[in-house]
Amino acid sequence: MKEPSKQERRLGDLERELTLLSRHFIASRGPRIGQSLDRSAYVLLTRLETGEPLTLKELAHTFQADVSTINRQMSAMLRHGLVEHIPAPTRGAARTFRPTPLGLERLEADRAISRAGTARLIEAAGWSEARTQQFLTLMVEFNHGIEQLEGPA
């Protein structure tokens, strides 16, 4: 078997570390005690709060998911009063969605819990403000690069 190149080893290490980061970030922030939104509602509301109302198709494209999956998630959010339909005359028959005040209130409450968990992770790592800012800068650059490759989300 051929010995992996330095670049192959580095990419393998990076892939492993990103996998660990995603696992640790979700698990190490603590249980979802006090949070009222499921993960899909949290992610969808986070996207919907940033701009104009979106259609199911636009949300599916953003999250690279099937329209049927997004439709199920949005239907549950509609039933719970977290989002609402609004008219979109310029988009034909497509319905657009935006967060309701209740949805934004619950998102902010859950976000506060998530931020506290993130603070615990930074504290556990022993990072200074400068080191935390450096990590943030690199993550923003990394995500921007992904958006350039896949299209903005």
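Modeller: Buried means under 20% relative accessible area, exposed over 50%, and partly exposed in between (1.4 Å probe, protein chains only). This is a predicted model, in which local features need pLDDT of at least 70 and side-chain atom pairs count only at pLDDT 80 or more, while totals for chains, interfaces and linings use all residues. Residues are numbered from 1 along each chain as its sequence is written, and side-chain values use heavy atoms, leaving out hydrogens and water.

Biologist: On the other side of H3, which residues are exposed?

Modeller: In H3, a helix (a DSSP run of H or I with at least four residues, numbered from the N terminus), Leu56, Leu59, Ala60 and Thr62 are buried. Seen down the axis of H3, these buried residues fall within an arc of 160°, so they line one face of the helix. On the other side of H3, the exposed residues are Lys57 and His61.

Biologist: At what angle do the axes of H2 and H3 cross?

Modeller: Val43, Leu44, Arg47 and Leu48 of H2 meet Leu59, Thr62 and Phe63 of H3, contact being heavy atoms within 4.5 Å. The axes, lines fitted to C-alpha atoms over the stretch in contact, with angles from 0 to 180 degrees between N-to-C directions, come within 12 Å and cross at roughly 110°.

Biologist: Which element gives the most to the largest nonpolar core?

Modeller: That core (buried Ala, Val, Leu, Ile, Met, Phe, Trp, Tyr and Cys joined through side-chain atoms within 4.5 Å) has 17 residues, with Leu37, Leu45, Leu59, Ile70, Met74, Met77 and Val83 having the most contacts inside it. Two or more residues come from each of H2 (39-48), H3 (56-63) and H4 (67-79). With 5 residues, the element that gives the most to this core is H2.

Definitions and conventions. The arc is that of the directions from the helix axis to the C-beta atoms.
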